[in-house]
Amino acid sequence: MLTLITLEFLKLLGSRSARLALIVCFVLPLLWAFAPRLEVLMKVAVVSGWQIPAISIGIAVQFLIPLFIAVTVAEMIGTEVSQGTLAPLLLRPVDRTTVIASKLIVALSYPVLLVGVTVIGSLLAGIPRGFGEFTGGTGMGPGLFVGVGTLTSNQALAEVLRGSLLAAIMLMPIAALALLYGVLLLNTAAAALATFATLNLMRLLVVFPDTIQRVLLTSHLNLYAQQTDITQPLILLIIYTVGFGLMAVFAFDRRDV
């Protein structure tokens, strides 16, 4: 199992789409940090480097990072099918469940990697503004960017780490969904489009009553900045992740590739 996971990680990092996504996630915060109209966009004064991660994640997580996840995770199945490398792998004495489980583990780690690179790029971009004590908020804690008073460096770091972890968790269902579509459609483009179409369809359901909106995946893509009780949305996101993941495993076990 560990060998397969390592192999999948190497294939993931070796794919062009993953490398491009990592580069973009690292570079874009550097551009946003020096954008002349950034404060107009955010409608708050950016006074600390600790605020850049929230800005970067807030912008990227609505469209860019989900797109990267959908394409790269779909490739984990689609590319192997198109290249003819998946069928020979299944002929070896390796359980199908082990194969798809290793892909699922790597797929779920991909959002962590993207968010981590985004935060690293953001912190580098925030160096000119400094990381000392400041009055305001990180955008991931109480009061968001306005804050509730003076924030120390340790408090700001804790808020950024908490928000980054939540951002990675809230993106994991998208990775599991992309893997599921990859198994069902066996084509990278089709699976990526299906994943993105599903997310957009969920966003369109905003016109439905609150009871329906509360259970939609897309209603919780701001979890990283929520300061209310996050227990319920966190459980819901875990259910989505586990549900999509189990369906991918079940479908792969019965799929003729």
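Counting salt bridges in this predicted model gives a total of four. The general idea is simple enough: side chains of opposite charge can pair when their charged atoms come close. Several of the pairs here turn out to be linked to one another, and E8 is a handy place to start.

E8 pairs up with K11 through a salt bridge, with an N to O distance of 3.1 Å. The two residues sit in helix α1, which covers residues 2-14, and because they are three residues apart there, about one helical turn separates them. Their surroundings are not alike, though: E8 counts as buried at 3% relative accessibility, whereas K11 is partly exposed, with a relative accessible area of 33%.

E8 also forms a salt bridge with K103, and here the closest N and O atoms are 3.0 Å apart. This pair reaches across the sequence: E8 belongs to helix α1 and K103 to helix α7, so the contact ties together parts that are 95 residues apart in sequence. K103 is buried, its relative accessible area being 0%.

K103 has another acidic partner in E80, and the side chains of E80 and K103 meet in a salt bridge at 2.6 Å, N to O. E80 lies in helix α5 (residues 64-83) while K103 is in helix α7, so this pair links parts that are 23 residues apart in sequence. Like its partner K103, which is buried, E80 counts as buried, in this case at 7% relative accessibility. Put together, salt bridges with shared partners join E8, K11, E80 and K103 into one network.

Away from those charges, S56 offers a look at a buried polar residue. S56 lies in helix α4, residues 52-60, and counts as buried because its relative accessibility is 0%, under the 20% cut-off. Leaving aside residues up to four places away in sequence, S56 touches P29, W32, T118 and S122.

The surface tells another story. I23, F26, V27, L31, I120, L124 and I127 form a nonpolar patch there, together offering about 620 Å² of accessible area. Two helices, α2 (16-33) and α7 (96-125), each supply at least two residues of this patch, and α2 provides the largest share, with four residues. One patch member, L31, is found in helix α2; L31 is classed as exposed because its relative accessible area of 52% is over the 50% cut-off.

As for annotation, the unreviewed UniProt entry places the feature "transmembrane region" at residues 20-38, 50-74, 104-127, 165-184, 190-212 and 233-252. Two of these spans can be set against the model's geometry. For residues 104-127, the end C-alpha atoms lie 36 Å apart, and the span is 92% helix and 0% strand. For residues 165-184, the end C-alpha atoms are 30 Å apart, with the span at 100% helix and 0% strand.

How values were computed. Residues numbered from 1 in each chain as written. Predicted model: local features only at pLDDT ≥ 70, side-chain atom pairs only at ≥ 80, totals over all residues. Heavy atoms only, no water. Patch = residues over 30% accessible without salt bridge, like charges linked within 9 Å, V, L, I, M, F, W, Y side chains within 5 Å. Areas by Shrake-Rupley, 256 points an atom, 1.4 Å probe, with all protein chains shown as cover. Buried < 20%, exposed > 50% of the residue type's maximum accessible area, 1.4 Å probe, protein only. UniProt positions renumbered as here; feature names shortened; annotations may be inferred. Contact = heavy atoms within 4.5 Å.
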